[in-house]
Each structure stands twice: as C-alpha cells, then as structure tokens.
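Hi everyone, thanks for coming. Today I'd like to walk you through a structure that is new to most of you, so let's put it on the screen.

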Amino acid sequence: MATKNLSTYAPETVPDASGMRFGVVCSEWNPAITDRLLSGAVETLKKHGASEDAISIYHVPGSFELTFGAQQVAKYGDVDAVIVLGCVVRGGTPHFDYVCQGVTHGVAKLNSELDVPVIFGILTTDNQEQAEARAGGDLGNKGDEAAITAIKMCDFIWRLKK
C-alpha cells in the first residue's frame with residue numbers, strides 16, 4: 001500500500017511543459033475513478049505550462065485496451081508522450097490478474113519499442129476504497145503523478161536530442 005501522497009512534490013523540480021504535446025488515453029471503465037485521474041493529469045500538465053490545445057484526450061473501453069490506444073496515439077497523434085489512465089479493482093475471479101498483467105506488459109513493451117514514452121497511470125487496487133484514495137483522496141491523485149512523469153520524460157528526451 002502506498003504511504004506517500006501521489007500529489008505531493010516539489011514543483012520547482014518539474015520542467016516547463018510549454019511546447020510539449022501530450023496524448024492521454026483514458027479507460028471508460030470505472031469512470032468514477034478514471035474521470036478523476038484524467039482531471040488530475042490534465043490540470044497538472046496545464047499547471048506546468050502545457051497549453052490546452054497541446055493535450056489530446058482519447059477514451060478506450062477498458063484498461064486492457066489502453067496498450068493499443070497508446071500505440072495508436074504514439075503513431076498518429078503527433079505527441080511527445082502518451083499517458084495511460086485506468087483502474088482495475090480486484091474481484092473474486094482471476095480476471096484482475098490477467099488484465100493487470102496484460103496492460104503492464106503491454107505498456108512496458110511499448111516503452112521498449114516506441115520513440116515516445118508511454119506513462120503508466122493505472123491503479124491496480126484490492127478494493128474501491130483504495131482506488132478512491134489514489135484518485136484525489138487521502139493519497140493524492142495518480143493522474144498528477146503520471147503527468148509529472150510525462151513532463152520529465154519529455155524533458156529527458158529533449159535534452160538528449162540537443
């Protein structure tokens with residue numbers, strides 16, 4: 001269980017996001033959580049200088065589809081980074097394990113194959129309360145964390161290309 005508030009960070013350690021372009025792929029499944037993750041990510045990108053028109057939002061049906069969605073956004077979306085946002089809550093069947101494993105491996109594979117970083121902003125929790133705590137509750141918002149990571153990875157790439 002996370003013990004750190006995901007939204008607590010030193011703003012001065014985050015590069016300026018002006019000129020960076022982001023694609024955000026968000027799962028439609030569990031919108032009470034994923035909508036909050038999306039809001040957190042978008043607000044954090046804007047807070048650090050990304051313009052509204054530099055943030056493109058796409059929706060896919062569930063977390064398993066995030067990998068394909070991210071691949072397509074990286075390929076056709078003219079973006080510097082892709083953020084995937086989703087929430088998988090453990091249930092009484094192995095479905096949780098299959099979905100979590102598939103999307104985790106899929107995002108890792110995209111990061112090894114693409115020239116655009118794909119940021120993992122997917123909650124994998126034991127229950128709804130844990131998801132709520134990580135989507136704007138007591139433990140902050142994983143969407144904020146994903147946005148900061150995207151900005152830092154874009155800056156990392158830009159520095160390498162100088």
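Before we look at strands, one term: two strands count as paired if DSSP finds at least two bridges between them. Please also keep in mind that this is a predicted model.

Let's begin with a pair of strands. In β4, the bridge partner of L85 is G121. That contact belongs to a wider pairing, since strand β3, residues 81-89, runs parallel to β4 and is joined to β4 by eight bridges. How does the chain get from β3 to β4? It passes through helix α3, residues 95-113, and this β-α-β crossover is right-handed.

Now, is β4 largely enclosed or open? Six of the eight residues in this strand, 118-125, are buried, so β4 is largely enclosed by the rest of the structure.

On the other end of our tour is β1, residues 22-27. Here six of six residues are buried. In a regular strand, side chains alternate between the two faces of the sheet. In β1, F22, V24 and C26 point one way, while G23, V25 and S27 point the other way, and all are buried.

Which strands does β1 pair with? One is β3, in the parallel sense, over five bridges, and there G23 stands opposite V82. Another is β2, residues 55-60, also in the parallel sense, with six bridges; F22 has I55 as its bridge partner in β2.

Between β1 and β2 we meet helix α1, and these three elements make a right-handed β-α-β unit. Let's check the length of α1, residues 31-47. At 1.5 Å a residue, its 17 residues should span 24 Å, and the end C-alpha atoms are 23 Å apart, which agrees. Several residues of α1 are buried, among them I33, L37, L38, A41 and L45. Just after the helix, G49 takes a positive phi of about 110°.

Last stop: empty space. Rolling a probe the size of a water molecule over the atoms shows where such space is left. The largest pocket holds about 270 Å³. Of the 17 residues lining this pocket, W29, C87, V88, H95 and V99 are the closest to its centre. Our earlier elements return here, as β3 and α3 each supply at least two residues of the lining. What classes of residue make up the lining? There are eight nonpolar, seven polar and two charged residues.

That's my tour, and I'm happy to take questions.

Notes
Residues are numbered from 1 along each chain as its sequence is written. This is a predicted model: local features need pLDDT of at least 70, side-chain atom pairs count only at pLDDT 80 or more; totals for chains, interfaces and linings use all residues. Side-chain values use heavy atoms; hydrogens and water are left out. Buried means under 20% relative accessible area, exposed over 50%, partly exposed in between (1.4 Å probe, protein chains only). Helices (H or I, at least four residues) and strands (E, at least two) are DSSP runs, numbered from the N terminus. A crossover is right-handed if, with the strands pointing away from the viewer, the path from the first strand over the helix to the second runs clockwise. On a 1 Å grid over the protein atoms alone, a cavity is a set of points where a 1.4 Å probe fits but cannot get out, and a pocket is an open set with protein on both sides within 12 Å along at least five of seven lines; lining residues have an atom within 4 Å of a point. Grid points are joined across faces, edges and corners, and a volume is the space filled by probe spheres set on the points. Ala, Val, Leu, Ile, Met, Phe, Trp, Tyr, Cys and Pro count as nonpolar, Asp, Glu, Lys and Arg as charged, and the others, Gly among them, as polar. The expected span of a helix is 1.5 Å times one less than its number of residues.
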